[in-house]
Amino acid sequence: ERSEYIKQHSALFWYTPQDCKKNISDSLLVETILNYGTWEDCKELLQVLTPQRVAQVFFSVSERQKGNYYPEIYNLFAHALRKYA
């Protein structure tokens, strides 16, 4: 479940007050997990949100938001999500 997943990865959202973590957007969730999570975290994210939803969120970012991803991370997931989602 999404809320349990966020709770398990709470340390990655250290800057978000505890009572606001339940309101984390899919966009912030995907960006944070892909940038700072482990490979296992990323695989779990695909199970929690579905590959199609992760791809939808990932590819819908504006050019400015795209800059929030590390270039290597953006490149890797752009290729992977185009192929598998």
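## A salt bridge between distant helices

Asp 26 and Arg 53 form a salt bridge in which the closest N and O atoms are 2.9 Å apart. This pair joins distant parts of the chain, since Asp 26 belongs to helix α2 (residues 26-36) and Arg 53 to helix α4 (residues 51-59), with their positions 27 residues apart in sequence. The structure described here is a predicted model, and every value given below is computed from it.

The two partners differ in how far they are covered: Asp 26 is buried, because its relative accessible area is 18% and the limit for a buried residue is under 20%, whereas Arg 53, with a relative accessible area of 29%, is partly exposed. The pair is also part of a wider arrangement, as a network of salt bridges links Arg 2, Asp 26 and Arg 53.

## Salt bridges within single helices

A search of the whole structure finds four salt bridges. One of them connects Glu 4 with Lys 7, where the closest N and O atoms lie 3.9 Å apart. These two residues are three places apart in helix α1 (residues 2-8), which means that about one helical turn separates them. An α-helix has 3.6 residues a turn, so residues three or four places apart point the same way. Of this pair, Glu 4 is partly exposed at 36% relative accessibility, and Lys 7 is exposed, with a relative accessible area of 57%.

Helix α3 (residues 39-49) holds another pair, Glu 40 and Lys 43, which are likewise three residues apart, or about one turn of the helix. Their salt bridge has its closest N and O atoms 3.0 Å apart. Glu 40 counts as partly exposed, with 44% relative accessibility, and Lys 43 also counts as partly exposed, at 37%.

## Helix α2 and what covers it

How many of the residues of α2 are buried? Eight of its 11 residues are, and α2 is therefore largely enclosed by the rest of the structure. The buried residues are Asp 26, which also takes part in the salt bridge with Arg 53, together with Leu 29, Val 30, Glu 31, Thr 32, Ile 33, Leu 34 and Asn 35. The cover over these buried residues includes α1, α3, α4 and α6.

Helix α6 can be followed through one of its residues, Ile 73. This residue counts as buried, at 18% relative accessibility, and, when its neighbours within four places in sequence are left aside, Ile 73 is in contact with Leu 34 and Asn 35, two of the buried residues of α2. Ile 73 and Tyr 36 are 37 residues apart in sequence, and their C-alpha atoms are 9.6 Å apart in space.

## The nonpolar core

The largest nonpolar core has 22 residues, and those that touch the most other members are Leu 29, Val 30, Leu 34, Leu 45, Phe 58, Tyr 69 and Phe 77. Two or more residues of this core come from each of α1, α2, α3, α4 and α6, and the largest share, five residues, is given by α6.

Leu 45 shows how such contacts run across the chain: apart from its neighbours within four places in sequence, Leu 45 is in contact with Tyr 5, Leu 29, Val 30, Ile 33, Leu 34, Thr 50 and Val 54. Among these contacts, Thr 50 lies in the loop between α3 and α4 and is partly exposed, with a relative accessible area of 34%. The phi angle of Thr 50 is near 80°, which is a positive value in a residue other than glycine.

## The largest pocket

Rolling a probe the size of a water molecule over the atoms shows where empty space is left. In this model the largest pocket has a volume of about 170 Å³. Its lining consists of Leu 34, Trp 39, Cys 42, Lys 43, Leu 46, Pro 51, Val 54, Phe 77, Ala 80, Leu 81, Tyr 84 and Ala 85, and α3, α4 and α6 (71-84) each supply at least two residues of this lining.

By residue type, the lining divides into 11 nonpolar residues, no polar ones and one charged residue. Lys 43, one of the lining residues, is also the partner of Glu 40 in a salt bridge. Leu 34 and Phe 77 likewise line the pocket, and both are among the core residues that touch the most other members.

Technical notes: Residues are numbered from 1 along each chain as its sequence is written. This is a predicted model: local features need pLDDT of at least 70, side-chain atom pairs count only at pLDDT 80 or more; totals for chains, interfaces and linings use all residues. Side-chain values use heavy atoms; hydrogens and water are left out. A salt bridge is a side-chain nitrogen of Lys or Arg within 4 Å of a carboxyl oxygen of Asp or Glu. Helices (H or I, at least four residues) and strands (E, at least two) are DSSP runs, numbered from the N terminus. Buried means under 20% relative accessible area, exposed over 50%, partly exposed in between (1.4 Å probe, protein chains only). On a 1 Å grid over the protein atoms alone, a cavity is a set of points where a 1.4 Å probe fits but cannot get out, and a pocket is an open set with protein on both sides within 12 Å along at least five of seven lines; lining residues have an atom within 4 Å of a point. Grid points are joined across faces, edges and corners, and a volume is the space filled by probe spheres set on the points. Ala, Val, Leu, Ile, Met, Phe, Trp, Tyr, Cys and Pro count as nonpolar, Asp, Glu, Lys and Arg as charged, and the others, Gly among them, as polar. Contact means heavy atoms within 4.5 Å. A nonpolar core is a set of buried Ala, Val, Leu, Ile, Met, Phe, Trp, Tyr and Cys residues joined through side-chain atoms within 4.5 Å.
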